[in-house]
Amino acid sequence: MAQGVSVGAILERAATIVAVLAAATTAAVLVRRELRTHRTVAASAPEQAEYVSNWKQLLPDSGVVRQGSIVVIEFSDLECPFCRAFHETLEPVARKLGSRLHHEFMHFPIPAHRLAMPAARAVECARAQDRATAMVDVLFALQDSLGVKPWADLADSADVSSPGELFECFRDPTPVARIERDIALGQKLGVRGTPTVIVNGWRFAGTPREPLFSQTISYLLEGKDPFPKRLSHAP
């Protein structure tokens, strides 16, 4: 009789594990489906952009706007799969343009993403060691591991030289000024979702995908209006 109870308990645990795995698989399918739908909408609406006349005021240093340069302002959430997708779009463009492109990464963690704010703090803690960009790259590359992989391991992957200092910074409950500033700027601009991308003042409706993103930049480099059938200018 004792053996029968034990087997039943084992079977119950096994059933629970199977149910959890099935739920995880379903969630993954839904996320992939959401991404595919999002990409289709973005790619099919190339005219959907508006010009933000005061876009340079979003930059902490107006000196980055040089003649003939491309400035990409991105309000991003490090737990957002659409932000990761845009990051993958931006990387080859950034390599091609080199110093002609300035990328301003702005934190806009969505409250529904419980790991977005800790991830933003990890980036700013890494900034003190000049590893902010590397940390962003790592967090997007290992986005599926957030909440599973220790933050110390993520910092190690970003080649942070003093993990102890980063850990102390990470544990500090004090709000981070740069994150607070970025969120305030996003709210002032009316940012509702991530990523919100502005290229030399042109704010995209949805996530810009290839070839739209590269085409827009090509037009700007040639001094052309990338969206002649533009929407009304934003204030």
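Two residues are said to be in contact when heavy atoms of theirs lie within 4.5 Å. With that in hand, let us walk through this structure, which is a predicted model.

Start with the whole protein. Its secondary structure amounts to eight helices and five strands. If you follow the chain along the sequence, these elements appear in the order α-β-β-α-β-α-α-α-α-α-β-β-α. The protein has 235 residues, and buried ones make up 40% of them. Take the contacts between residues at least 6 apart in sequence: 75% of these join residues at least 24 apart.

Now let us look at a pair of helices. Two packed helices are described by the angle between their axes and the distance between the axes. Helix H3 covers residues 116–127, and helix H4 covers residues 132–141. The axes of H3 and H4 are 7 Å apart, and the two helices pack at an angle of about 150°. Angles over 145 degrees count as roughly antiparallel, so that is how H3 and H4 are arranged relative to each other. Their crossing is right-handed.

Which residues in H3 and H4 meet? On the H3 side they are Ala119, Ala122, Val123, Ala126 and Arg127, while H4 brings Ala132, Met135, Val136 and Leu139. Sorted by type, the residues of this contact comprise eight nonpolar, no polar and one charged.

Moving on from H4, the chain enters the loop that leads to helix H5 (151–157), and here you will find Gln143. Is Gln143 buried or exposed? Its relative accessibility is 8%, and buried means under 20%, so Gln143 counts as buried. Leaving aside residues up to four places away in sequence, Gln143 touches Leu78, Glu79, Cys80, Pro81 and Arg84. With Leu78 there is a further detail to look for: a polar atom of the Gln143 side chain lies 2.9 Å from the backbone oxygen of Leu78.

For a contrast in surroundings, travel on to helix H6, which spans residues 163–171 and includes Glu165. Glu165 has a relative accessibility of 54%; the cut-off for exposed is over 50%, and Glu165 therefore counts as exposed. How many residues apart in sequence are Glu165 and Ala128? They are 37 residues apart along the chain, and in space their C-alpha atoms are 9.2 Å apart.

Definitions and conventions: Residues are numbered from 1 along each chain as its sequence is written. This is a predicted model: local features need pLDDT of at least 70, side-chain atom pairs count only at pLDDT 80 or more; totals for chains, interfaces and linings use all residues. Side-chain values use heavy atoms; hydrogens and water are left out. Helices (H or I, at least four residues) and strands (E, at least two) are DSSP runs, numbered from the N terminus. Buried means under 20% relative accessible area, exposed over 50%, partly exposed in between (1.4 Å probe, protein chains only). A polar contact is a pair of N or O atoms within 3.5 Å; within protein, one must be able to donate a hydrogen and the other to accept it, and residues adjacent in sequence count only if both atoms are side-chain atoms. Axes are lines fitted to C-alpha atoms, for helices over the stretch in contact, and angles run from 0 to 180 degrees between N-to-C directions. Angles under 35 degrees count as roughly parallel, over 145 as roughly antiparallel, 65 to 115 as roughly perpendicular and the rest as oblique. A crossing is left-handed if the near helix is turned anticlockwise from the far one by less than a right angle, and right-handed if clockwise. Ala, Val, Leu, Ile, Met, Phe, Trp, Tyr, Cys and Pro count as nonpolar, Asp, Glu, Lys and Arg as charged, and the others, Gly among them, as polar.
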